[in-house]
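Trainee: I have a structure open and some questions about how to read it. Can we go through them one by one?

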Amino acid sequence: MSTAGTVRALQRVIVSVAASDGAGVKLRRSLGQSPYTRLDPFLMLDEFSSFDANDYIAGFPAHPHRGFETVTYLLDGHMLHEDHLGNRGDLKSGAVQWMSAGRGIVHSEMPQQEQGRMRGFQLWINLPAREKMKPAGYRDIDPAEIPVIALRGGGRAKLIAGTLQSEGRSVAGPIQGLATDPLYADVELPAGAAFTQPLGSERNAFIYVFEGSASIGAGDTARALATHSAGVLGAGDRVEVQAGADGARFLLLAGRPLGEPVVQHGPFVMNTREEIEQAIRDYQSGALTRAGD
Ligand code: FE
């Protein structure tokens, strides 16, 4: 068993708060509810989940982004993404859209259903200074492209980005090779099952439990993490999670910190105040979305 080394303990809990974004979509915001609740390179994590169309039907009409990446993981529902370049992406249950806003994008994200459950996550990941003004890019990831890894002791992990170890081999998700080296996994465990993975301190990491309950860490360091809360992990070599009596489903997210100043103004995330002012001017003049400016 590869259980040597230090287990990463639950160091800090960021309880999600009720928030509303877009044209009135109800959501829970954990990371990013204030400048003090980011975890470099992660800027924000929103969970949306409702059976009531009034909570989501207004969607996210046209709005800009610059300087970071948005990752939408739709668990249930149907969402249409359209941008100023004419790109269209139909997001169905289980699909992921990985958007790198780079120098600028104006897009809309609108529900394509008038009833039924809409559930998923939007994660914002920062870009390093050298990539903030690169052209915008997309990866639309079909559920069939996301590896489902059967876990020893029961349960499974869906792997969107990075790699996981399974039965002595490395399994790679569809997103690889980014500057922040992200790991994005959706892990489901039956009651009482344990999950362990090597994950070194060179990457910041957190866990967001969205079904059931879990305890993070091992032995004396094990601490319960409530549902709908983000648990930031301390230093160590590996992650250990134990599901509670009702099982657990959680996101495991890790990324290499950029260590650069973050100046955010709504949907613009840059390194300096001057760059933010430039982004606002570029949006107002239309230069944000003009190629080659
Ligand atoms: Fe957006």
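Trainee: Which arrangement do the four donor atoms around the iron ion have?

Mentor: Keep in mind that this is a predicted model. The angles subtended at the iron ion by its four donor atoms run from 82 to 177 degrees. Tetrahedral would need all angles between 85 and 135 degrees. Because of that spread of angles, the arrangement is irregular.

Trainee: Which residues are the protein donors of the iron ion?

Mentor: Their distances from the ion are 2.1 to 2.6 Å. Along the chain, the donors follow the spacing H-x1-H-x41-H-x1-E. The donors are H63 (NE2), H65 (NE2), H107 (NE2) and E109 (OE).

Trainee: How many residues apart in sequence are the parts that H63 and E109 tie together?

Mentor: Start with the strands. H63 lies in β5 (residues 60-65). E109 lies in β10 (residues 105-111). So the pair ties together parts whose separation in sequence is 46 residues.

Trainee: Is E109 buried or exposed?

Mentor: The cut-off for buried is under 20% relative accessible area. H63 has 18% relative accessibility, so H63 counts as buried. E109 has 6%, so E109 counts as buried.

Trainee: What area is buried between domain 1 and domain 2?

Mentor: The domain assignment gives domain 1 as 11-143 and domain 2 as 146-260. The contact draws 36 residues from domain 1 and 37 residues from domain 2. Carbon and sulfur atoms give 64% of the buried area. The total is about 3,000 Å².

Trainee: What distance separates the centres of domain 1 and domain 2?

Mentor: Take the centres over C-alpha atoms. The separation of domain 1 and domain 2 is then 21 Å.

Trainee: How many salt bridges does the rule find across the interface of domain 1 and domain 2?

Mentor: The rule needs a side-chain nitrogen of Lys or Arg within 4 Å of a carboxyl oxygen of Asp or Glu. The side chains of E211 and R119 meet in a salt bridge, at 2.8 Å from N to O. Across the interface of domain 1 and domain 2, the count is one.

Trainee: Which residue does a cis peptide bond join to D40?

Mentor: Omega of this bond is about 10 degrees. The partner is found in the loop between β3 (25-29) and β4 (42-50). That residue is P41.

Trainee: Is E167 buried or exposed?

Mentor: Its place is in the loop between β15 (163-166) and β16 (169-172). Phi of E167 is near 50 degrees, a positive value in a residue other than glycine. Relative accessibility is 56%, so E167 counts as exposed.

Trainee: What is phi of H228?

Mentor: H228 is found in the loop between β20 (223-225) and β21 (229-233). This residue is other than glycine, and its phi is positive. The value is near 65 degrees.

Technical notes
Residues are numbered from 1 along each chain as its sequence is written. This is a predicted model: local features need pLDDT of at least 70, side-chain atom pairs count only at pLDDT 80 or more; totals for chains, interfaces and linings use all residues. Side-chain values use heavy atoms; hydrogens and water are left out. Donors are N, O and S atoms within 2.8 Å of the metal (3.2 Å for Na, K and Ca); water is not among the atoms, so sites may look incomplete. Four donors count as tetrahedral if all angles lie between 85 and 135 degrees; four count as square planar and six as octahedral if opposite donors are over 155 degrees apart and all others between 65 and 115; anything else is irregular. Helices (H or I, at least four residues) and strands (E, at least two) are DSSP runs, numbered from the N terminus. Buried means under 20% relative accessible area, exposed over 50%, partly exposed in between (1.4 Å probe, protein chains only). Domain bounds come from an automatic or database domain assignment. Contact means heavy atoms within 4.5 Å. Buried area is the accessible area (1.4 Å probe) that two parts lose on being put together, summed over both.
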